[in-house]
Amino acid sequence: MPEATGEIVIDAGDRGNEFKLGDQITFTNPDQEVDLKKTFDRLTYTVVGRAKSPLFISSMSRGTSGIGKGTADVFAIIPEQDFKLSVYTEAYLTFQNTAASAPYTSEYDEKIKRHKEAVELALKIMPQERRLAEIRAEGQKKLNEALDKIKEAKKQLTDAEQELKEAKIKLNEGEQSYHDGVNKLQTELAQGQAKLDVAAKKLAQGRAELKRNHQQLEQGQSQLKTGQSQLDQQKLELVPKLAQGQQLARALQQISGLDPEDIPEEQRQELLSAAQAADPKLGAATAGYMEGALDGAALQKAVSAFQSGLNEASLQLDHAQQKLDATRAQLKEGVAKLREAERQLVQGEASLKQGTEELAAAKQAGEAKLADAKAELSRGQEKYQEGLKKFSEEKVKAKREIADGEKEVAEGQKEQDQLELPKVYVMDRSVNPGYTEYSDNADRLSSIATAFPVFFFLIAALVSLTTMTRMVEEQRLQIGTLKALGYSNRDVMKKFLVYSTLASVAASAAGLAIGFTLFPAIIYDAYGALYNLPDVRTRFYLSYSIISIIVAVLCTTMTAFVATRVELRSNASVLMRPRAPKNGSRIWLERVPWVWNRLGFIGKVTARNLFRYKQRMFMTVCGVAGCTALILTGFGLKDSIGDIAPLQYGKIMQHQATVVFQEDNGDSGMAEDYNQRIEAMPDITGILNVTQEAMTATAPGVNAQDVSLFVPQSPQEIDSFIVLKPRGQEQTLSLTDDGAIITEKLAKLFDLKMGSTFTVQNSDKDPFEIRVAGITENYAMHYVYMTPLYYEEIFDAAPEVNSQLLAYDNNGHNPEWEDQLGESLTASDRVAMISFTSGVSDAFSDTMDSMNVVVVVLIVSAAALAFVVLYNLTNINVSERIRELSTIKVLGFYDKEVTMYIYRENMILTVLGIIAGSLCGVFLHRFVLLTAEVDAMMFSPAIHEISYGYAALLTLLFSAIVMASMHYKLKRIDMIEALKSVE
């Protein structure tokens with residue numbers, strides 16, 4: 001146990017094993033508004049050990065919880081000093097006179113009942129008014145503190161709202177100042193920009209004009225250059241020609257005074273070619289002069305005209321050069337003007353750039369100043385918005401908390417005013433589900449253990465009868481010899497009685513050793529997974545041992561006594577001879593020609609042998625039938641037990657969860673919060689409000705039964721949540737206002753039918769008569785279903801909804817989803833607890849699985865008994881017919897044919913025994929179910945078809961194994977020895 005503060009001992013169950021020694025565990029609550037520090041001194045603990053608690057016998061359940069998902073997974077133990085609770089909430093009492101009494105006994109229950117009544121009486125006379133006054137004073141103190149906190153919260157809310165208003169005024173002033181600065185800056189920037197735009201426009205115009213002048217200047221320079229180039233080209237071409245022409249003119253003037261005949265031919269040809277090349281007219285005049293057609297004056301006149309042309313061309317060249325020079329001078333002057341304009345343009349651009357820069361600097365400075373102001377304003381606005389948002393959120397939260405606080409104070413005051421004397425509940429162990437469940441399982445085992453041994457003893461008696469009878473018949477020669485030697489019948493009988501007694505006592509001792517050690521351990525281990533129990537302590541029950549030994553001795557000794565007495569009636573000479581084989585006779589099958597005539601030789605022999613040894617046939621059929629019935633009953637029990645959970649929680653209970661409301665669940669706020677949580681779960685497909693009340697059904701001569709009264713708010717919708725129909729029928733039952741529908745087991749216990757009435761009592765023992773309007777299929781617990789109108793008619797009060805059924809697709813949701821649903825709904829103040837059908841079904845299935853271990857033990861025992869019966873009967877059959885088998889071997893039958901000779905008979909008898917055993921198994925199964933059923937449960941009476949197959953196959957398998965072993969015995973038969981005459 002934890003000793004120091006901060007230590008914790010955790011549950012030793014499966015969920016508790018997730019925590020190791022030394023791990024840190026911190027307590028939390030899904031509801032963040034719940035302060036656990038009001039309950040615990042600290043929230044983090046160190047695991048120092050594991051423990052099992054007698055309060056939690058069941059290993060699968062740790063009870064319900066008012067928080068979280070609605071169920072507890074583990075229990076934990078912490079030191080008392082880590083609790084802050086001012087009072088104890090529970091007290092566990094022990095009594096001196098119950099320490100020696102075993103639980104689950106009537107003696108123990110009676111003592112606890114008396115003690116419970118005594119404690120309740122003692123608590124009634126306690127001075128509870130003082131405790132009520134203390135509770136009221138403590139509650140009023142807390143209410144006053146809560147009111148002071150509400151007033152302080154309201155004051156803080158008002159102060160915060162005033163601070164926000166003042167901050168808003170300052171923000172508005174700052175925003176107005178910022179906008180004024182923005183307008184002023186924009187105005188000044190616009191004026192400066194306008195001036196700059198005018199200057200820029202002028203510069204653009206000057207730049208355009210300068211560009212045009214520059215283009216014109218470039219064009220003039222280009223034209224001047226082209227003209228000068230052309231002139232220079234002309235000069236280059238004409239100047240030599242003019243010089244040559246002047247020279248030619250001077251030469252012609254010189255020869256104009258000479259006689260053409262005096263001019264040398266060569267010179268004359270040169271001058272004539274040059275004159276014709278220079279000017280055709282001159283050439284014609286020169287030619288005419290040379291030919292004498294013209295005189296010298298005509299030649300000189302032509303030369304003068306030629307020289308005039310030359311002079312005019314020279315003057316034109318000079319005039320063109322002068323014109324080009326004048327144009328060059330103008331262009332030079334234009335270049336100077338253009339450079340001046342460019343200088344002025346550059347100065348204008350510089351001024352414009354400076355003005356632009358100054359304007360940009362002023363704009364930047366103004367914008368920076370405004371940006372700082374805006375940033376400061378934004379920070380203020382952001383801070384204000386944050387404060388406003390936080391205030392709004394906190395205001396809503398504060399108002400809600402204040403409203404909740406005022407509501408809680410009002411409710412607390414209301415509760416304070418309505419406080420009644422404290423209620424103390426006195427409960428015994430029966431309220432612990434694990435305790436009651438363990439008792440129910442023990443009762444089931446006790447019922448099965450009561451029914452099955454009877455049938456096992458009957459089969460064992462059959463085996464003993466055949467065995468001892470065969471042993472006595474085999475000892476006929478020895479019995480005859482002893483009688484011939486003078487031994488009395490009593491002395492001869494002693495031999496067989498002593499043998500049978502010793503055999504039965506020895507076998508009983510072995511069986512008791514196994515029964516008191518092996519079987520209890522197996523069954524206890526099967527239930528060990530379900531319950532937190534100490535190691536099994538097997539006890540030797542003398543009464544059971546004596547009964548078992550007596551039955552065993554009677555089965556063997558009496559059989560030996562009867563068989564020996566029958567043989568001793570004969571004289572010694574008869575006993576010293578083998579018993580004469582039975583005479584063959586016609587069997588009834590021979591009187592059916594259409595069957596008999598179709599049988600072969602082997603078939604006819606087999607049929608005659610079967611009817612020839614009628615006693616052996618009867619014993620074999622009965623033995624196989626009994627074993628098959630036991631095996632089938634075992635498998636049938638497995639089916640019946642395994643079908644309960646699927647039928648009850650799959651076929652009948654169609655809902656997946658049950659929500660139990662608090663006693664005072666009519667508050668509109670709690671209902672609205674709960675409904676919102678349900679609407680937030682779109683996977684929930686249906687809900688049904690119901691009223692459930694615990695009642696007790698009573699009747700003379702019948703044990704009182706706890707029943708659950710079930711009243712749906714909407715009876716027409718119950719089919720979607722619970723299927724009400726008689727077992728074996730498909731037509732469902734409808735709830736009517738003239739009676740109630742009860743479950744089948746309750747109807748059987750009270751022998752109720754349609755139209756019958758029965759009595760139920762409430763917690764105050766007030767009786768109420770209820771009419772039966774229908775009986776529905778049900779396998780666990782007792783239910784009474786009725787409409788609200790019929791409830792009001794019977795109980796003279798309207799039903800109050802205290803629970804709700806939820807339906808959703810369970811296949812699509814895992815346990816984690818159900819845990820989330822449980823946490824969400826349990827967080828509602830309206831919900832007391834929530835239970836899931838899957839959890840109940842799984843727990844019930846686990847319990848039934850443990851019952852299956854018991855059933856498996858029964859099946860294995862029955863199968864072993866079947867093997868013993870078949871082996872014993874087959875062995876006796878072979879021993880009795882050793883001479884017959886030797887004879888057919890001498891006649892030439894092979895070993896396999898001899899084996900088949902016996903095997904056919906055994907197989908036919910086995911099949912007949914299986915058929916008879918299957919029929920007997922049905923009745924035996926029903927008998928065991930009726931015996932093993934507890935009052936609050938009904939097993940499914942159906943046996944699965946596969947179980948019939950298993951029972952038949954096991955019996956056939958044992959028969960085949962026995963015949964395989966007999967085959968080797970038949971092969972080793974000594975024919976000569978067997979056929980020797982006794983004489």
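In the predicted model, strand 2 and strand 3 (residues 44–51) run antiparallel and are joined by three bridges. One pairing can be named: Thr26 has Thr44 as its bridge partner in strand 3. These strands belong to an open sheet of four strands, with the order 2-3-1-4 and mixed pairing. Strand 2 (24–26) and strand 4 (76–77) each have a single partner strand, so they stand at the edges, and one side of each lacks a neighbour in the sheet.

Beyond strand 4, the chain enters a loop that leads to helix 1 (106–124), and Phe83 lies in this loop. Phe83 counts as partly exposed because its relative accessibility is 37%. Its contacts, apart from neighbours within four places in sequence, are Thr39, Phe40 and Ile78. Phe83 and Arg42 are 41 residues apart along the chain, yet their C-alpha atoms are separated by 8.4 Å.

The protein as a whole has 22 helices and 13 strands. Of its 983 residues, 37% are buried. Contacts between residues at least 6 apart in sequence were also examined; 79% of them join residues at least 24 apart. The accessible surface comes to about 57900 Å², and carbon and sulfur atoms account for 56% of this area.

In soluble globular proteins, nonpolar side chains tend to be buried together. Here, the largest nonpolar core contains 65 residues. Ile718, Ile722, Tyr785 and Leu885 have the most contacts inside this core. Helix 13 (residues 614–652) supplies the largest share, with 13 residues. A second, separate core has 22 residues, including Leu709, Ala740, Val772 and Tyr790. Tyr785 touches Ile718 and Ile722. Other residues touched by Tyr785 include Met653, Phe710, Leu724, Leu735 and Ala740. Ile741, Thr743 and Thr776 are also among its contacts.

Nonpolar residues also appear on the surface. A patch is formed by Phe540, Leu542, Ile546, Ile550, Leu554, Met558, Val562 and Val566. Together, these residues have about 760 Å² of accessible area. Leu542 belongs to helix 9 (residues 542–568). Leu542 counts as exposed because its relative accessibility is 54%, and the cut-off for exposed is over 50%.

Side chains of opposite charge can pair when their charged atoms come close. The structure holds eight salt bridges. One of them joins Lys494 to Asp491, with the closest N and O atoms 3.8 Å apart. Both residues lie in helix 8 (residues 489–528), three residues apart, or about one turn of the helix. Lys494 is partly exposed at 45% relative accessibility, and Asp491 is partly exposed at 36%.

A salt bridge also links Arg677 and Asp673, at 3.0 Å from N to O. This pair lies in helix 14 (residues 668–679), with four residues from one to the other, about one turn of the helix. Arg677 is partly exposed at 23% relative accessibility. Asp673 is partly exposed at 26%.

Lys748 and Glu744 form another salt bridge, at 3.6 Å from N to O. They are four residues apart in helix 15 (residues 744–749), so about one helical turn separates them. Lys748 is partly exposed, with a relative accessible area of 46%, whereas Glu744 counts as buried at 11%. Elsewhere, salt bridges with shared partners join Lys651, Lys725 and Glu777 into one network.

Key: Residues are numbered from 1 along each chain as its sequence is written. This is a predicted model: local features need pLDDT of at least 70, side-chain atom pairs count only at pLDDT 80 or more; totals for chains, interfaces and linings use all residues. Side-chain values use heavy atoms; hydrogens and water are left out. Two strands pair if DSSP finds at least two bridges between them. Helices (H or I, at least four residues) and strands (E, at least two) are DSSP runs, numbered from the N terminus. A nonpolar core is a set of buried Ala, Val, Leu, Ile, Met, Phe, Trp, Tyr and Cys residues joined through side-chain atoms within 4.5 Å. Buried means under 20% relative accessible area, exposed over 50%, partly exposed in between (1.4 Å probe, protein chains only). Contact means heavy atoms within 4.5 Å. Patches are made of residues with over 30% relative accessible area and no salt bridge: like charges are joined within 9 Å, nonpolar side chains (Val, Leu, Ile, Met, Phe, Trp, Tyr) within 5 Å. Accessible areas come from the Shrake-Rupley method with a 1.4 Å probe; for residues, only the protein chains shown count as cover. A salt bridge is a side-chain nitrogen of Lys or Arg within 4 Å of a carboxyl oxygen of Asp or Glu.
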